[in-house]
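Work through the following exercises with the structure open beside you. Each task is followed by a solution that goes step by step.

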Amino acid sequence: MTSEPATQAPRKREYAGTDTSRLPVWQRALRWETGLVVVLVATLIFGTVRSSDFLNSTTGFYIGLNMGEIAIMALPLMLIVITAEIDLSVASMLGLSGAVMGQLHSQGWPIGLAMVAALVVGALGGALNGVLVARLGLPSIAVTIGTLTLFRGLAEIVLGARTITDFPAWITNIGVVPVPGTQLSYSTVIFLVLAIIFGVVLHATRAGRAIVATGLAPEAAQFAGIRVNRVKFGLFVLSGVMCALAGILFTLKNASVSYDAGTGLELNVVAIVLFGGVSIFGGRGTVIGVVLSVVIFGTLQQVLTQMQVQPEVQNIIIGGLLLVSVVLPNGGEAVRRLRARLRTGPHLARAPGTQRPARAVSSSDSGMKPEEKK
Amino acid sequence: MTTATSALGTRFARGGALLRAREVGIGVVLLLVFGVTTLHNHNFATANSVQQLLSGAALIAMLGVGETLVIVTRNVDLSVGSIVGLSAYVVGDLFKDHPGTPVILGFVVGIAIGAVIGAINGFVTAALRVPSLVVTLAMLYIIRGIDGLIVNGVIITSSNIPNAFIAIGFRTIAGIPWLAIIAFAVVVIVAYAMRSFRSGRDLYAIGSNPEAAALAGVPVARRVFTAFVISGSLAGLAGALFLALHAEVDVTGGTGYELLVVAAVVVGGVAIFGGSGTVVGAALGALLLNTINQALVASRVSAFWNEAIAGALLLLAIAFDRWLSLRVARGLRSAEGAHRDL
Amino acid sequence: MSEQPEEVPRLALDQAAKAFGAVQALVDGSITLFPGEAHALVGENGAGKSTLVKILAGVYQPDSGTLAIDGQPVVLSGPTAARDAGISIIYQEPTLFPDLTVAENIFMGRQPLRVGRRIDRPAMNRSADEIFTRLGVALDPQRQARGLSVADQQIVEIAKALSSNANVLVMDEPTAALTTVEVERLFEVIRALRGEGAAVLFISHRLEEVFAICQRVTIMRDGRFVRTAPAGDITVDEVIRSMVGRDLDVLFPKTQAPVGEVVLQVEQLSREGVLHDISFSVRRGEIVALAGLVGAGRSEVARAIFGIDRRSAGVVTVRGQVLPNGSPLAAMAAGVALVPEDRRQQGLVMDLGIDRNVALASLARLSRFGLISRTRERDMAADWANRLQLKFGRLTNAVSTLSGGNQQKVVLSKWLARDPALLIIDEPTRGIDVGTKAEVHRILDGLVAGGLAVLMISSELPEVLGMADRILVMREGRITAELSRAEADEDQVMRAATGQLKGAAA
């Protein structure tokens, strides 16, 4: 046998028994989240500088009130984006569910029952998305553009041109008073509870692992017994239900609903999720990141509104933040690649027939792995 | 002889033809819808009504052309609606503040605005390798914001716009509205370029198999960049025409157009995954959607049903495309399988 | 057209060497090609053929050695340079544009133009027709590339090469996925190419084909050139001997384990167009190997048993339990584990850490009240890392940072953690350095001694011969031979795999 070295060139650290050191995965994740914390603190400081009593409970209440529904919709969308799909129908489902609840209530249904009906509608709409994307394998961006239109259209059919406003006063209070004992709006509290649940599920349960694996490596996930299609279907149904919940809260908070409730909000939700560090390519993202992103967006909006900055400029800032949040990681890599190419000369293309998957994320790829021999 | 393929496969296997089965199909559906509606409501077929149909679809058709170029390369441009709004307003503002401005300059300015924004989209997508969904989404926000700032609550009305300009919005030649003619010209020119120039075929190659395209020497980044610039420019042009058509514009100009355009393009047979579809199909898709819209109105179907039907249609179109490609693949595979057992 | 010894070779590669890190993929790669000849390059897996091809393709630059084209020394800086030098590689997986026509595929980027730089479609189609006539095939240039059979796609690739004036065509396992009829057609094409003065480098495991179409044969072994001979001057036996000529005692001595009851029973397993009537069994304590050439259908058998692919006929029984069709979960529950062929795409989630990958198939066991216990996860990973002697930095490092051998250990850990009854392992040591190879073999041997049933798929003869108790040789979706450990040797396996009749001459 040819004399080849028995082992690889020595690695950084030799095998050292049971290495149970704390997880650098947190480290890697925390880099983005740390950035968000910095941005948040900066925003808060900015707000306080502008108006000395910025950091009081009323501000918190209003931020939560404004952002609550969007925040609730961001949670399931985060999971969907982690599986490398997208759901653009979120705001339309918000509108549809609100419309259904309002219509049924105006026809005499008790408000509780009407809410349940709205949630069922959410589940059905989500199931439609789920069947089309997970079972039929249709591209989620196109499908959810279709259901975005469909749901909005159904809301229009349900309500026509009417605006329903007669909701029981005791429940529309959620738009005015905080949860007793706290300074937070009802939607905020619901969001926080849900965020904790989602956080636990995503980071510490089988389901969460399955979701991440589905987004990172669907084929490998299948080979490990994960039902990728089931996972995606379930997430779309979940999204539908939670958007319905958001719709209920939105309607009751405003004490009114018309067919165009929440139009255009989907873009806010997507922006928040992406800014929260969830990768559009799938497989990455933390709940903390999304929560921070929600708070930043809400606070920023509040500060700018108090400064009487027009909503237009706010839009520019949101768009700018979103752009920066994707350009930075990708752009850095692109610049690196450009520099590498200028250094080494003509580009060494990968010959076809070699099964190297195009990887979206660059881990520490030394570029040369032991050749798969024939 | 060609290897054994099922009849279905052969029928759809011919590529490069001037009109694929899909475009013909849309045309047929279009005529059907038109015919059926006219039976219900004879007014649907009057000259006026048809002119309205054509004008109404013209803008979306134009946007569809640009969007097709982008989608063919496996990208998407969600900023077109906001470009329309911004362009329309800036052109209107130009006329308002400088009343003597020649009409042609208005168009130039509109196109230029679109081109600049398209260039930014293209640069970030192609050079910085950022997914176009995110880039154009962010630009949508930013442009809306800029638009809002510029508008500042001031509405441009017809009194601000030179008559010659507004005329483009409603004048006809031989009964065909100017808008439709312009849209038609755009479609024809771009369709021809896509078919007959290497750079056009490059776009299809990029969408069909990006790795193979790079290997074949196609300048991928440059082409994608150009696609976005064209998409932006056409949106800018559409913005100027928007102003001409509506003779007024405020901060909400063009809102929601991006989703409409994507729907039209998909219905028109452009695969959302890239690599196939034509601008002719996209334009027909726009025309079909608009016709259905108006047909519902003409048939006294409550206007409230429009959006739901549009949404359902889009879903049907996507599902149908998928079903079709699966059928063709299965047909070809089993034919090949039978062949293989020799 | 036969070669004349005085002629300047079209291409001459001399003593090329290439290493990747500690792995020396190519030690002495040498080959000469004359115009108008079909030249076979044969060798086992690991012989260095694909590295040599990549050097010719300009994808790799050799660490040492020379390359001369038409007598002139040449340095290929990249794939474009290789293309310009007239070298074209036809890979096993053609890369075409499915949405474009055949003619467009051939001429992408180089379409003939007419006035005003517009594509001259009729001229393009005519040129494509011309090329097809030259090749002696009938393909419609105006037909969409999507749906073309693999054989037809190959023809298109060959046409692509010709259209860019390639005069050296390298065909990498071209017949692996073709039927006999399609192979014959390909041979006609190769004869046509030879007639035009092109040189064809024909890389194949199928020796009967090699002798049917090639004038000369070059044999490689262990990254080195062994010999070149005219096809008429060498026999199949001699070729095989040159290919395999190493000693087999390097392999891990196998411990004889007591063979127990039947764990896996496969009856008439079929998958339309892929597998036909596969029947066999695997018992506790034995290693059954599926041997054969690439494309024989071995991995497909594994996938069908595990449920990743649906079978169209047949029954799979594990420990007496009949497995439902198409359910990996059911297979896992019955005690089946599958270490797949493609480590990076199917075996591991590359961006996740070692601990997460090891835990991926055992999530149920690791969770209490639905919550995954991080400590148990870490302990499981650490335990297996220990047992399999995994070399890593931290347990949480992404598996993409590991060497191939260590990655394979992670995959093994993932499945062994489930304490399976049957381990199906597909290409256990592909892309792994020698030292870890031996470790993996030792691990498998130990498992089998402990009562595990192993179904091993391997393209490496020494591995098959050294590890297996029984060898099932597959060819074109069928089992063509069953050999016991005692009676098997390289000769017999290769013959069964290449469809040779016993004792037949070349």
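**Exercise 1: the surroundings of one alanine**

When neighbours within four places in sequence are left aside, C:A145 in this predicted model is in contact with C:L96, C:F97, C:P98, C:L100, C:T101, C:V102, C:N105 and C:V156. Locate C:A145 in chain C and decide whether C:A145 is buried or exposed.

Solution. Begin with the position along the chain: C:A145 lies in the loop between α4 (121–135) and α5 (150–163) of chain C. Next, take a pair that is separated in sequence, for C:A145 and C:A103 are 42 residues apart in sequence, while their C-alpha atoms are 9.0 Å apart in space. Finally, count the surroundings: a residue is buried if 20 or more other C-beta atoms lie within 10 Å of its own, and C:A145 has 24 such atoms, so C:A145 is buried.

**Exercise 2: a sheet in chain C**

Find the order of the strands in the open sheet of four strands in chain C, and then say which helix packs on the sheet.

Solution. The order is β14-β13-β16-β17, with antiparallel pairing. At the edges are β14 (275–283) and β17 (321–322), each of which pairs on one side only. Helix α9 (residues 298–306) packs on this sheet, where the helix touches β13 (262–271), β14 and β16, and its direction makes about 110° with that of β13(C). As a last step, look at the antiparallel strands β16 (residues 313–318) and β17 of chain C, which two bridges join; in β17(C), C:Q321 is the bridge partner of C:V318.

**Exercise 3: the make-up of chain A**

State how many helices and strands chain A has, and what share of its residues is buried.

Solution. Chain A has 13 helices and zero strands, and of its 374 residues 51% are buried.

Definitions and conventions
Residues are numbered from 1 along each chain as its sequence is written. Chains are lettered from A and ligands numbered from 1 in the order in which they are written. This is a predicted model: local features need pLDDT of at least 70, side-chain atom pairs count only at pLDDT 80 or more; totals for chains, interfaces and linings use all residues. Two strands pair if DSSP finds at least two bridges between them. Two residues are in contact if their C-beta atoms, placed from the backbone, lie within 7 Å. Axes are lines fitted to C-alpha atoms, for helices over the stretch in contact, and angles run from 0 to 180 degrees between N-to-C directions. A residue is buried if 20 or more other C-beta atoms lie within 10 Å of its own, exposed if 12 or fewer, and partly exposed in between; C-beta atoms are placed from the backbone.
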